[in-house]
Amino acid sequence: MSGAAGNVMHSPLVTVLLGDPRLPDRSKPGECFTPDDLDQVKRLKAALDTVQGYAYEYWDDHAQLLTRLQEEPPEFVLNFCDTGFRNEARHELHVTACLEMLGVPYSGSGPVALGICYDKALVRALADAQGVAVPREALLTPSAALPLLEFPVFIKPNRADGSVGITERSLASDDAQAAEYLTQLRATMPGADIIVQEFLAGTEYSVGLIGNPDAGFDLLPVLEVDYTALPAHLPRLLDYGSKTDPQSPYWTDVRFREARLEGNTLAGLHEACTVLFNRLGLRDYGRFDFRCDARGTPRLLEVNPNPAWCWDGKLAHMAGLRGESHGELLAHIVNAAHRRCFSGQ
Ligand SMILES: Nc1ncnc2c1ncn2[C@@H]1O[C@H](COP(=O)(O)OP(=O)(O)OP(=O)(O)O)[C@@H](O)[C@H]1O
Ligand SMILES: [Mg+2]
């Protein structure tokens, strides 16, 4: 394209950072990228090709990442590296810390927000202090005994994503079941802190926000998890299989639909998410998961500052509910981040 003065105008180059398919990933079944993961990347590229106004390149070789960032610092990074540096989930924040140190503008939340949100108990405490409803819970260090509990409870790792460490047996109805799952989790995740939480048996919601406090937020339609097609004997929860195993009934039979919320419930969820977005220092977009208690009060499960970007993820479903394609969702995210980085909004 030529400008009025004959200068060649170029589209801003977006460097998309992704997980590294060459390296092991302990959070995935088989501890490596699955065919579905590779397909997700293909679909991401196809969707970004529809987002006008930018050119794209893709970096996923983590062995080269630090050198490459220093030698050819990108003009703008779309940080979709949700696996963490070298696919180590605890090192998700390190990627953003490097970008900060090198002065590379990037999309999404920074290292502090990513670090805080990887600690569910910490997010719960911060949310509670802001008046956001949270479940009752106990945080167990690796050697702590089970406290006195009011059953049923939900048992899960404090630091994990993608339902790692969550199975049907996370739901425990008595001391024996709770002790058994705690022992199993400690064997598979040595050294991990474990949350024992009030089981929230009600409706489950996900809320997506795109934007920033100064520029304002785009509130996506609220998603409700639809468990009605799930066989009745299975507990209602999004377990590891729901995100990784196409054969699992949790994958095949759990659906998402638009939540039908009363005005004040919707306003309450939006208010809670905006407060959390600001307090936790999120940027550009985020996803907030809630589940209702027996009285119908939505309580915060967790905050996702780097939520799944995939075509069939919750954010893409939310966009789909208002008739938008995956590409249109990605365009909102890229534009919000680019605007914040380059127009100071
Ligand atoms: N206290 C609870 N009561 C009832 N269900 C729960 C509770 N905690 C978690 N769950 C169920 O487990 C699922 C995963 O929990 P959570 O969001 O905390 O884990 P995660 O690994 O961070 O998941 P992701 O990042 O993929 O959303 C929830 O979507 C919900 O179905
Ligand atoms: Mg969740």
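This passage describes the fold, the domains, one helix, the ligand shell and one loop residue of a predicted model.

The chain holds 11 helices and 13 strands. Its radius of gyration is 20 Å, close to the 20 Å that the globule rule gives for 345 residues, so the chain is as compact as a globular protein of that length. Along the principal axes, the C-alpha atoms fill a box of roughly 75 × 45 × 40 Å. Of the 345 residues, 40% are buried. Contacts with a separation of 6 or more were also examined; in 68% of them the partners are 24 or more positions apart.

The domain assignment gives three entries. Domain 1 covers 13-108. Domain 2 is made of two segments, 115-134 and 200-343. Domain 3 covers 148-196. The C-alpha centres of domain 2 and domain 3 are 22 Å apart. Across their boundary, 12 residues of domain 2 are in contact with 11 residues of domain 3. On the domain 2 side, α5 (120-129) and α7 (240-244) each supply at least two residues. The most comes from α7, with three residues. By character, this side of domain 2 divides into seven nonpolar, one polar and four charged residues.

Helix α5 also has a clear division between buried and exposed positions. K120, V123, R124, L126 and A127 of α5 are buried. These residues lie on the same side of α5, because they cover an arc of only 165° around the axis. An α-helix has 3.6 residues a turn, so residues three or four places apart point the same way. The face of α5 turned away from the buried side carries the exposed residues D128 and A129. Several elements cover the buried residues of α5. Among them are the helices α4 (111-117) and α9 (263-280). The cover also includes the strands β4 (137-140), β7 (194-198) and β13 (298-304). Just after α5, G131 takes a positive phi of about 85°.

Ligand 1 is surrounded by 22 residues. The closest are F154, Q197, L200, L237 and L238. Four strands, β5 (153-157), β7, β12 (285-292) and β13, each supply at least two residues of this shell. The largest share is that of β13, which gives three residues. Both β7 and β13 thus appear in two settings: they are among the elements covering the buried residues of α5, and they contribute to the shell around ligand 1. The shell divides into 10 nonpolar, four polar and eight charged residues. At least three residues of the shell come from domain 2, and at least three from domain 3.

Elsewhere in the chain, P21 sits in the loop between β1 (13-17) and α1 (35-49). P21 counts as partly exposed because it has 16 C-beta neighbours inside 10 Å. Beyond its neighbours within four places in sequence, P21 is in contact with F33, L38 and D60. P21 and C310 are 289 residues apart in sequence. In space, the C-alpha atoms of P21 and C310 are 16 Å apart.

Methods. Residues numbered from 1 in each chain as written. Chains lettered and ligands numbered in written order. Predicted model: local features only at pLDDT ≥ 70, side-chain atom pairs only at ≥ 80, totals over all residues. Domains from an automatic or database assignment. Contact = placed C-beta atoms within 7 Å. Nonpolar A, V, L, I, M, F, W, Y, C, P; charged D, E, K, R; others polar. Buried ≥ 20, exposed ≤ 12 C-beta atoms within 10 Å, placed from the backbone. Arc of directions from axis to C-beta. Near = placed C-beta within 6 Å. Rg over C-alpha atoms; globule rule 2.2 N^0.38 Å.
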